[in-house]
Amino acid sequence: MANLVITIARGFGSGGRTIGKLLAQRLDIDYYDNDLIKLASEESGINIELFGRADEKVKVGLFKRYNRSYGEYVLSPDSDEFVSDGNLFNYQAKIIRDLAEKKDCIIVGRCGDYILRNNPNVIRLFIYADDATNVKNVVDLYGIRPSEAKKTIEKIDKSRAEYYKYYTGKEWSDVSNYDLCINTSGISFEKAADVIISYIETIRK
């Protein structure tokens, strides 16, 4: 059977990362999140701090047209644009494409669903929750005040949406981008993982 590749887009505080790790454990497949930055840095030779600064963020006022190869090619070190945000994105996209070709895996964020949109074996998930649930989860996880949690959620989700829009031309929260959307407001992360696994088993029969 072809590789099972799951991409997860997630609202901050919705539990998308936790659900991804649960799925990785239960399906016995590899999980990639911040690891993608490390792998892209190792392959390109570009300092990992540069990848970290550009991770799921796009510079305000960035109007230069992005060259949308989505990892099909990357610029060489002698290019003036070698450490540009666009080339950093393409290196991450290349890593995502390579992983999807080689193994079963879970890819979190970084436009993975769009980069792999033409791969018939990809299951694209969007994990979200209502405001109250997101705030509670962030307060519980980081021990901050609800008002601070709310501001953090708004800032990070805005950044993710802008990043997705810039690199894909699509709306991050548009359900038509995904195969399955899970609202974790009323269910546990374990139950959400159960639902996703049942879905996977149904479509891969």
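Which backbone oxygen lies 2.8 Å from a polar atom of the side chain of R117? In this predicted model, the backbone oxygen belongs to Y114. The two residues meet in a second way too: the charged end of R117 sits over the ring of Y114, 4.0 Å from the ring centre. R117 itself lies in the loop that runs between α5 (112-115) and β4 (122-128). With a relative accessible area of 35%, R117 counts as partly exposed, because that value falls between the 20% cut-off for buried and the 50% cut-off for exposed. As for its place in the fold, the C-alpha atom of R117 is 28 Å from that of P77, and 40 residues separate the two along the chain.

On the other side of α5, the loop between β3 (105-108) and α5 holds R110. C111 lies in that loop as well. The backbone here is worth a look: R110 has a positive phi of about 60° although it is not a glycine, and C111, not a glycine either, also has a positive phi of about 60°. Are these residues buried or exposed? R110 is buried, with a relative accessible area of 2%, and C111 is buried at 3%.

R110 and C111 turn up again in the lining of the largest cavity. The structure holds one cavity of 30 Å³ or more, and about 80 Å³ of space lies in the largest cavity. Its lining also includes A9, R10, E56, G109 and D113, along with R160, Y163, Y164 and W172. Two elements, β1 (5-10) and α7, each supply at least two residues of this lining. Of the elements, α7 gives the most, with three residues.

What is the volume of the largest pocket? It comes to about 560 Å³. The lining of the largest pocket counts 24 residues, and those that lie nearest its centre are F12, G13, R17, Y142 and R160. Two or more lining residues come from each of α1 (16-27), α6 (131-142) and α7. Here α6 gives the most, with five residues. R160 is thus named in both places, in the lining of the largest cavity and among the residues that lie nearest the centre of the largest pocket.

Now to the aromatic residues. The structure holds nine aromatic pairs. One of them joins F82 and Y91, which are edge-to-face, with 6.2 Å centre to centre and 90° between the planes. F82 counts as buried at 10% relative accessibility, and Y91 is buried as well, with a relative accessible area of 7%. Another pair, F89 and Y167, is stacked, with 4.0 Å centre to centre and 0° between the planes. This stacked pair links distant parts of the chain: F89 is in helix α4 (residues 85-102), Y167 is in helix α7 (residues 146-168), and the two are 78 residues apart. F89 counts as buried at 2% relative accessibility, and Y167 counts as buried at 2% too. The two rings also belong to one aromatic cluster, formed by F89, Y163, Y166 and Y167. Y163, a member of that cluster, is also one of the residues that line the largest cavity.

The edge-to-face pair leads on to S44. Leaving aside residues up to four places away in sequence, S44 touches F51, F82 and Y91, and so both partners of the edge-to-face pair are among its contacts. Where is S44 found? S44 is found in helix α2 (residues 35-44). At 11% relative accessibility, S44 counts as buried, because the value is under the 20% cut-off. What does the side chain of this buried serine reach? It reaches the backbone nitrogen of I46 at 3.0 Å. A polar atom of the S44 side chain also lies 3.4 Å from the backbone oxygen of S41. Taken together, the side chain of S44 has polar partners in the backbone of S41 and of I46, while S44 also touches the aromatic residues F51, F82 and Y91.

Notes
Residues numbered from 1 in each chain as written. Predicted model: local features only at pLDDT ≥ 70, side-chain atom pairs only at ≥ 80, totals over all residues. Heavy atoms only, no water. Phe/Tyr/Trp six-rings, centres within 6.5 Å; stacked < 30°, edge-to-face > 60°. Buried < 20%, exposed > 50% of the residue type's maximum accessible area, 1.4 Å probe, protein only. Helix = DSSP H or I, 4+ residues; strand = E, 2+ residues; numbered from the N terminus. Lys NZ or Arg CZ within 6 Å of the ring centre and 35° of its normal. Polar contact = N/O pair within 3.5 Å; in protein donor to acceptor, adjacent residues only side chain to side chain. Contact = heavy atoms within 4.5 Å. 1 Å grid on protein atoms, 1.4 Å probe; cavity = no way out; pocket = protein on both sides within 12 Å on 5 of 7 lines; lining within 4 Å. Points joined across faces, edges and corners; volume = space filled by probe spheres on them.
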